[in-house]
Each structure stands twice: as structure tokens, then as C-alpha cells.
Amino acid sequence: MIASSRIFQEAPCSFLSVGQAFEGTQNVSQSMHTAGCKEEAWKVNVRLQGCDFEQGYICGSMEALNVPSAKSSVFTFWEGEIVDGVNYTFHTKQHWGADRSTDIKHWSKFPCFAPLKDAVVKEGGHGIDLRNYPFMFMRWKEKCFLNVGADCGLTIAGFYYICFSRLDGSVEGFYYDPNSSPFQKLQLRACNEGRSGHSFSSYSFR
């Protein structure tokens with residue numbers, strides 16, 4: 001798993017083509033003073049707008065539906081970092097507000113991270129060959145709202161730790177924002193809109 005002489009970039013994946021759509025849910029547990037925890041969940045649609053494996057870059061739009069605190073669906077534009085050991089490692093940039101302890105805590109939520117954990121803790125993950133690993137790790141950071149104002153009831157101050165399956169295109173993620181409910185879980189599956197008949201709005205970016 002550790003490459004001694006060179007560091008490899010992630011190999012392309014068919015599920016990460018521009019235009020690929022994903023659908024699923026985001027779950028939030030909110031502490032209640034009198035009744036333990038209150039579970040909230042809303043539907044989420046994602047569409048990829050760009051992916052550059054050479055630069056470790058990915059971007060897209062996200063639609064949150066049926067959010068209890070929002071009056072309508074909320075669209076955001078996000079940019080992401082693909083953990084490849086070349087452009088980005090498992091350690092988050094400091095200005096995103098997460099330290100190494102936070103990184104390890106969130107990456108460890110994914111069972112497939114377990115075989116990599118010791119190398120990441122020891123060396124930051126430098127030199128790990130992830131080309132043929134069945135999962136890809138990313139960070140997605142929402143950059144702006146597209147159809148509503150900042151008072152829509154959602155925050156984009158944090159970012160998602162993402163685990164993506166090369167095998168079936170499924171996505172699992174955990175949202176990190178020290179001022180929000182911890183470990184908000186994102187679950188998505190790749191969908192074929194033509195085959196399923198499902199469609200949702202898309203946005204184009206320069």
C-alpha cells in the first residue's frame with residue numbers, strides 16, 4: 001500500500017464524469033433539552049460540473065430539498081479536493097478549520113479507512129498508492145448559494161469528508177462545522193436519469 005519511490009495520482013473513474021447525478025439524503029441529529037435527540041433528514045441531489053484528476057479537483061452543484069428551516073429547495077455550488085497524495089493529503093488545509101485530530105476522527109467514520117489509518121497518523125498519508133483502492137476520499141466545500149440568500153436556514157461554513165465507492169458510485173460523507181450538529185451524515189447513490197426518469201435542475205458554470 002505504501003509506495004516507496006514515487007507517489008501516484010488517482011486514476012479516473014466513470015462515475016465521476018461531468019454531468020453524473022447522485023441522489024440521497026442528509027441526516028442530522030439535533031440535541032433536545034427534554035427529549036434526547038431529534039432526527040431530521042432531507043433529500044439531496046448532486047450533479048458533477050467538473051473533475052480534473054491531474055489537479056485533484058472536483059466541483060458540482062448540490063440541491064437540498066424539504067429542509068425544515070428553508071422555504072424552498074436550496075442550491076449550492078461546491079468545490080472539492082481529491083485525496084491523491086500529490087495535490088491533497090488526508091490532512092485538511094488549516095483555513096478550513098479542521099486540525100489533524102478532527103481529520104482522523106472523521107476519516108475513521110469510514111470503515112474502509114481503517115487499513116490506511118496507521119500510515120496517515122504516522123506520515124500524513126504521503127506515499128500511499130490509492131490508484132487501485134476501491135474507495136476514493138475527498139473533501140467537498142460549498143462555496144456559495146445559487147438561488148437563495150444566506151438567511152435560508154442552512155449554513156455552508158463547514159465542509160464534507162467524503163468516501164466514494166469506485167465499484168457502484170455510492171457516496172458517504174460527514175459534515176464538519178464546529179458550530180453545527182456533529183457528524184451530519186450524507187448518503188448518495190449514482191443515478192441514471194434517463195433510465196430512472198428522475199430529473200432535477202442543473203446549473204452551468206464558467
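**Exercise 1. Classify Gln 26 by its relative accessibility, and place this residue in the fold.**

Solution. Step 1: the relative accessibility of Gln 26 is 3%, so this residue counts as buried, given that buried means under 20%. The values here come from a predicted model.
Step 2: Gln 26 belongs to strand E1.
Step 3: in sequence, 146 residues separate Gln 26 from Glu 172, yet the C-alpha to C-alpha distance between these two residues is 9.8 Å.

**Exercise 2. Describe the order of secondary-structure elements in the protein chain.**

Solution. Step 1: the protein chain holds three helices and eight strands.
Step 2: read from the N terminus, the order is β-β-β-β-α-α-β-β-β-β-α.
Step 3: the protein chain has 206 residues, and 49% of them count as buried.

**Exercise 3. Determine how E4 pairs with E3 and with E5, and whether E4 is mostly covered or not.**

Solution. Step 1: between E3 and E4 the pairing is antiparallel and spans eight bridges. Within this pairing, Met 62 has Thr 76 of E4 as its bridge partner, and Glu 63 stands opposite Phe 75 in E4.
Step 2: E4 also pairs with E5 in the antiparallel sense, here over seven bridges. Glu 81 has Arg 139 of E5 as its bridge partner.
Step 3: of the nine residues of E4, eight are buried, and the strand is mostly covered.
Step 4: E3 is largely enclosed by the rest of the structure, because eight of its nine residues are buried.
Step 5: a general rule for reading such strands is that, in a regular strand, side chains alternate between the two faces of the sheet.

**Exercise 4. Assign a geometry to the aromatic pair Trp 78 and Trp 140, and then to the pair Phe 159 and Tyr 176.**

Solution. Step 1: the whole structure contains 16 aromatic pairs.
Step 2: for Trp 78 and Trp 140, the ring centres are 4.1 Å apart and the planes make an angle of 15 degrees, and the pair is stacked. The cut-off for this class is an angle under 30 degrees.
Step 3: this pair joins distant parts of the chain, with Trp 78 in strand E4 and Trp 140 in strand E5, 62 residues apart.
Step 4: Trp 78 has 0% relative accessibility and therefore counts as buried. Trp 140 is buried as well, because its relative accessible area is 2%.
Step 5: for Phe 159 and Tyr 176, the centre-to-centre distance is 5.9 Å and the angle between the planes is 70 degrees, and the pair is edge-to-face. The cut-off for that class is an angle over 60 degrees.
Step 6: this second pair also links distant parts of the chain: Phe 159 lies in strand E6 (residues 159–165) and Tyr 176 in strand E7 (residues 171–176), 17 residues apart. Both Phe 159 and Tyr 176 are buried.

**Exercise 5. Characterise Phe 183 by its location, backbone, exposure and ring contacts.**

Solution. Step 1: Phe 183 is located in the loop between E7 and strand E8 (184–191).
Step 2: its phi is near 55 degrees, a positive value in a residue other than glycine. In general, most residues other than glycine have a negative phi.
Step 3: the relative accessible area of Phe 183 is 27%, so this residue is partly exposed.
Step 4: ring pairs join Phe 183 to a cluster whose members include Trp 96, Trp 107, Phe 159 and Tyr 176.
Step 5: Lys 109 lies over the face of Phe 183, 4.2 Å from the ring centre.

**Exercise 6. Locate Leu 186 and decide whether this residue is buried or exposed.**

Solution. Step 1: Leu 186 is part of strand E8.
Step 2: with a relative accessible area of 0%, Leu 186 is buried.
Step 3: Leu 186 and Tyr 160 are 26 residues apart in sequence, with 8.4 Å between their C-alpha atoms.

**Exercise 7. Describe the largest pocket by volume, lining and residue class.**

Solution. Step 1: the volume of the largest pocket is about 330 Å³.
Step 2: its lining consists of 24 residues, and those nearest the centre are Trp 42, Gly 153, Leu 154, Thr 155 and Gln 184.
Step 3: the elements giving two or more residues to this lining are strand E1 (21–32), strand E2 (36–52), strand E3 (57–65), strand E4 (74–82) and strand E5 (135–145).
Step 4: by class, the lining comprises 12 nonpolar, nine polar and three charged residues.

Notes: Residues are numbered from 1 along each chain as its sequence is written. This is a predicted model: local features need pLDDT of at least 70, side-chain atom pairs count only at pLDDT 80 or more; totals for chains, interfaces and linings use all residues. Side-chain values use heavy atoms; hydrogens and water are left out. On a 1 Å grid over the protein atoms alone, a cavity is a set of points where a 1.4 Å probe fits but cannot get out, and a pocket is an open set with protein on both sides within 12 Å along at least five of seven lines; lining residues have an atom within 4 Å of a point. Grid points are joined across faces, edges and corners, and a volume is the space filled by probe spheres set on the points. Helices (H or I, at least four residues) and strands (E, at least two) are DSSP runs, numbered from the N terminus. Ala, Val, Leu, Ile, Met, Phe, Trp, Tyr, Cys and Pro count as nonpolar, Asp, Glu, Lys and Arg as charged, and the others, Gly among them, as polar. Buried means under 20% relative accessible area, exposed over 50%, partly exposed in between (1.4 Å probe, protein chains only). Two strands pair if DSSP finds at least two bridges between them. Rings of Phe, Tyr and Trp (its six-membered ring) pair if their centres lie within 6.5 Å; planes under 30 degrees apart count as stacked, over 60 as edge-to-face and the rest as tilted. A charge sits over a ring if NZ of Lys or CZ of Arg is within 6 Å of the ring centre and within 35 degrees of the ring normal.
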